[in-house]
Amino acid sequence: MARHLITSAIPYINGIKHLGNLVGSQLPADLYARYQRGRGHEVMFLCATDEHGTPAEIAAAKAGKPVAEYCAEMHDVQAEIAKGFRLSFDHFGRSSSAQNHKLTQHFAGVLAERGFIREVTEMQMYSPTDGRYLPDRYIEGTCPNCGFPDARGDQCDNCTKQLDPVDLINPRSAISGATDLEMRETKHLYLCQSQLQDKIAAWIDSKTDWPVLTTSIAKKWLTDGDGLQDRGITRDLDWGIPVKKGDADWPGMEGKVFYVWFDAPIEYIASAQEWVDAGKGVDWERWWRTDKGADDVTYTQFMGKDNVPFHTLTFPATILGSGEPWKLVDYIKSFNYLNYDGGQFSTSRGRGVFMDQALSILPADYWRWWLLSHAPETSDSEFTWDNFQMSVNKDLADVLGNFVSRVTKFCRSKFGEVIPEGGTWGARENALIAELTQRLQAYEGFMDAMEVRKASSELRAIWVAGNEYLQSAGPWTTIKTDAETAAMQTRLGLNLIRLYAVLSAPFIPDASATMLAAMKTEDDAWPTDIAAFLSALPAGHAFEVPEVLFGKITDEQREDWQVRFAGTR
Ligand SMILES: [Zn+2]
C-alpha cells in the first residue's frame, strides 16, 4: 500500500468560485484522491480557504461585517458547496487558523535565523483618497512585461509574471480608481529567493517527469532577466498573520502582517495539524516530516497555471530555506483555463456558471463528468451549453444510464429481481473480457499519470463495450430460443453494472453509489481480474432496478440556462 499526500490549490475566501476554478484544482485533485483510495492506497487529501489579504477586508467591508466573521461565514459556505460537489477532503482547513499563524511565524523565524530574510526600507504606494497603503493586488495598471492594461500589483494575469506594484505603468487604486497615488516610506521583510536560486533550479531540473506546463512556467521565472528575485513577504494591513520571529516579537515590524502568498501554502501543512486537532487523525507529521515517516509519501499538488510560480518557486524557497526536513512536492499537475461560451468566466460581471448555481440546476455528477472529460490540460478549453448537453445526454444518459436501465429492467421482467442462473460463457463473452482487461490497464495507466481527459475517454470506452456486448448478445431475442444463454448474458450484464460502479466512482461518485446499492452489494474493491470480477455476483443474488441514473437535458433547458448565465449576477 502506497501513501499519497494530495493538495488542491486553496480557493480564496472572497466569494463563490466558478466552474473554471473548480476544474483547475479541487475537482481533478478529488478525482485522483478517490482513485488512489479506490486502488487501496492510503490517502491524505487536504484543502482549505485562503483567507488573508486585502480582498477579504474589502469584501467584508462591503458586506458590513468584521473580517473575521465574514471569513468564518464564507468558509462554511465554501465547505458546504464542496460537499455538494462530493469533494472528498480529509480536511478543509482555514489559512486563518491558529495552527497556520504559529507555523508561518515559525518558518519566518527559521528563515531569518538562516539569513534568508532581509529587512528593506522602501517606498510604497499610499492612496490619500482611500486613506491607506495600497498593497499588491489593489493597485492595477499596465504590465511592464507584456503591456496588458489590467495587470494586478502582484501578478499579471495575462503573462503570469510576478510583479511588484511599483513596476506597473500608470498605476491606479483598484478600490477607488484614484490615480493621485504617492510614495511613502515603510519597512518590509524580503525572502531572499535569489540566494536559493541554484538550489531551486537543481530541484526543478530533477523533476524530469513533470508536465511541460509546470516546468516551462517555473523555468521561465528562474532564467528570465536577472533570475529569481527576492520577494516581499509582509504587508501594511490589519488582517493577516502578525509578523513575528517564531514566538518572539519582530522589532520594527509592529502592526504588519505576512503577505498572503507567504502564509497560504504553509496552510497545506497547517491543515493537517487542524485535521489532528479536529480529532480526525492522530499523526500529521508522518505526512509532512521526512524525519518522522513522510519519506515514503508521494506528494502531488493540483493547481491552475496562474498558481505555478508560487508553488514551484516561492513555497519551495520557504521549505528549502528552512533547512528543516519538510516534505517537498513530488509532482505538480497544473491546468490551463476553462473559458465560458465564447469568452471568459467573470466573477465581477457574473458571467458563467458558479458552483452554487451549478448545483441548483443539476446534480454534481453531471458537472463532474463534463468538467473532467473536458479538463483544460494541454490547452485552454471552453464550456458551451451545446457541448454540455450533448456530452451528458450521450455519455451519461444514452451509454451508461441506458445500459443499467436495460439490463436491470429486462432481468426483472424475465427472471425477477434476482441474478439468474444457467448458461456458460462463450466466445463473445471471452472477447468482451479480453477487451475490458486491456482497457482497464489503459484506464489505470492514465489515472496513475493524471491524464484526466484520456482516463475519461477510456472509461467511456469501457461503458461502450458493455453496451455493444448487450446489443450483439441480445438476451431479449436469445430468451425466445435459449433461456439458459439469455440468463448467462443477463447475469454478465448485471455484474458489469458493479464493474461500472467501481471504475466510475472517481468521476461520478453518486451514480456509482446508486449502482452499487441497486446491485445490493458494498463490495467496491478494485478489480484485479476482470473474469473473476464479472462472476462475483452469483446466481440467486438479489438486486433492484434503480431510479433513472441520468436524465437528459432538453433543448428548452439548455436555451434557458444559456440566457440565465450570460452575465447579470
Ligand atoms: Zn503581463
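# A selection tour from an aromatic core to a zinc site

Select Phe388 to begin: with a relative accessibility of 0%, this residue counts as buried (buried is under 20% relative accessible area, exposed over 50% and partly exposed in between, with a 1.4 Å probe and protein chains only). The model is predicted, and local features are therefore reported at pLDDT of at least 70 and side-chain atom pairs at pLDDT 80 or more, while totals for chains, interfaces and linings use all residues. Residues are numbered from 1 along each chain as its sequence is written, and side-chain values use heavy atoms, with hydrogens and water left out.

## Stop 1: aromatic residues around helix 12

Keep Phe388 displayed and widen the selection to its aromatic cluster, which is formed by Tyr340, Phe345, Trp367, Trp370, Phe383, Trp385, Phe388, Trp561 and Phe565. The structure holds 30 aromatic pairs, a pair being two rings of Phe, Tyr or Trp (its six-membered ring) with centres within 6.5 Å; planes under 30 degrees apart are stacked, over 60 edge-to-face and the rest tilted.

Which pair should be selected outside that list of names? Take Tyr366 and Phe550, whose ring centres are 5.3 Å apart and whose planes meet at 70 degrees, so the pair is edge-to-face. Tyr366 belongs to helix 12 (residues 364-373) and Phe550 to the loop between helix 19 (530-533) and helix 20 (555-564), so the contact ties together parts 184 residues apart in sequence. Helices here are DSSP runs of H or I with at least four residues, strands are runs of E with at least two, and both are numbered from the N terminus. Tyr366 is buried at 8% relative accessibility, and Phe550 is buried at 5%.

Now return to Phe388 and add Trp367: these rings have centres 4.5 Å apart and planes at 15 degrees, so they are stacked. Trp367 sits in helix 12 and Phe388 in helix 13 (residues 385-414), 21 residues apart along the chain. Trp367 is also buried, with a relative accessible area of 1%.

## Stop 2: the zinc ion

Select the zinc ion next. Which atoms coordinate the zinc ion? The SG atoms of Cys143, Cys146, Cys156 and Cys159 do so, at 2.3 Å; donors are N, O and S atoms within 2.8 Å of the metal (3.2 Å for Na, K and Ca), and sites may look incomplete because water is not among the atoms. The 4 donor atoms subtend angles of 107 to 113 degrees, and the arrangement is therefore tetrahedral (for four donors, all angles between 85 and 135 degrees). For comparison, the ideal angle for four tetrahedral donors is 109.5 degrees.

Along the chain, the donors follow the spacing C-x2-C-x9-C-x2-C. Within this set, Cys146 and Cys156 link distant parts of the chain: Cys146 is in the loop between strand 6 (139-142) and strand 7 (151-152), Cys156 is in the loop between strand 7 and strand 8 (169-173), and they are 10 residues apart. Are these two cysteines buried or exposed? Cys146 counts as partly exposed at 34% relative accessibility, whereas Cys156 is buried at 0%.

## Stop 3: strands 9 and 4

Move to Thr186 in strand 9 (residues 182-191). This threonine is buried at 6% relative accessibility. Add Thr121, which is 65 residues away along the chain, and check the C-alpha separation of 5.8 Å.

Then select Ile117 in strand 4 (residues 117-127). Ile117 is buried, at 12% relative accessible area. From Ile117 to Pro420, 303 residues apart along the chain, the C-alpha atoms are separated by 72 Å.

## Stop 4: backbone angles in two loops

Select Arg86, in the loop between helix 4 (67-84) and strand 3 (91-94). The phi of Arg86 is near 65 degrees, a positive value in a residue other than glycine. Arg86 is partly exposed at 34% relative accessible area.

Continue to Met450, in the loop between helix 14 (427-448) and helix 15 (452-473). Met450 is not a glycine, yet it has a positive phi of about 55 degrees. At 7% relative accessibility, Met450 counts as buried.

## Stop 5: Ala536

Finish at Ala536, in the loop between helix 19 and helix 20. Ala536 is partly exposed, with a relative accessible area of 39%. A C-alpha to C-alpha line drawn to Pro11 spans 42 Å, with the two residues 525 apart in sequence.

Key
Four donors count as tetrahedral if all angles lie between 85 and 135 degrees; four count as square planar and six as octahedral if opposite donors are over 155 degrees apart and all others between 65 and 115; anything else is irregular.
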